[in-house]
Amino acid sequence: MTIQIDKLSDPAVRTFLSALNANDRSAFKAALTPDATMADDGTDRDLADWTEREIFSSRGHIEVQSEKDDGRTVVATYRNDTWGEMRTAWRFAVRDGLISRFETGQA
């Protein structure tokens, strides 16, 4: 069962994932703190490079299957033109209503 993004518990996560699905670079960047960081499969990555490659230029899209931790952890089906579709887990840290860090990887 998919959870609609606008029904997710955490407003910062809703904004982040909505921007991701809209392929909206400006809204995505606005959802992040200026010093935001991220990790993929346990390894810290360059946020700008990773998001360009894994989200924007490859048309990333996410469908949330479940959430916990007040909406700051989600399990989702993620797909892009590079890797196809996979089951992923996403964990978010939020500061002042913005995403300050996210960690993702295969679930």
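Here is a short walk through this predicted model, from its sheet down to one residue on strand β5.

Let's start with the sheet. It is open and has 6 strands, and if you step across it you meet them in the order β2-β1-β6-β5-β4-β3, with mixed pairing. The two ends of that row are β2, covering 43-45, and β3, covering 61-68; each of these edge strands has a pairing partner on one side only. Going from strand to neighbouring strand, the average turn is 30°, direction ignored. Helix α3, residues 47-56, packs on this sheet and touches β1 (32-40), β2, β4 (73-80), β5 and β6. Compare directions and you'll find that α3 makes about 65° with β1.

Now zoom in on β5 and β6. Strand β5 spans residues 84-95 and strand β6 spans residues 98-106; the two run antiparallel, with 8 bridges joining them. For a handy landmark on this pair, look for Trp90, which stands opposite Thr104 in β6.

Last stop: Met86, another place to look on β5. Is Met86 buried or exposed? Neither, quite: its relative accessibility is 21%, and because buried means under 20% and exposed means over 50%, Met86 counts as partly exposed. Leaving aside residues up to four places away in sequence, Met86 touches Ala76, Thr77, Tyr78 and Gln106. If you want a reference point elsewhere in the chain, try Ala27: Met86 and Ala27 are 59 residues apart in sequence, and their C-alpha atoms are 24 Å apart in space.

Note on methods. Residues are numbered from 1 along each chain as its sequence is written. This is a predicted model: local features need pLDDT of at least 70, side-chain atom pairs count only at pLDDT 80 or more; totals for chains, interfaces and linings use all residues. Side-chain values use heavy atoms; hydrogens and water are left out. Two strands pair if DSSP finds at least two bridges between them. Helices (H or I, at least four residues) and strands (E, at least two) are DSSP runs, numbered from the N terminus. Axes are lines fitted to C-alpha atoms, for helices over the stretch in contact, and angles run from 0 to 180 degrees between N-to-C directions. Contact means heavy atoms within 4.5 Å. Buried means under 20% relative accessible area, exposed over 50%, partly exposed in between (1.4 Å probe, protein chains only).
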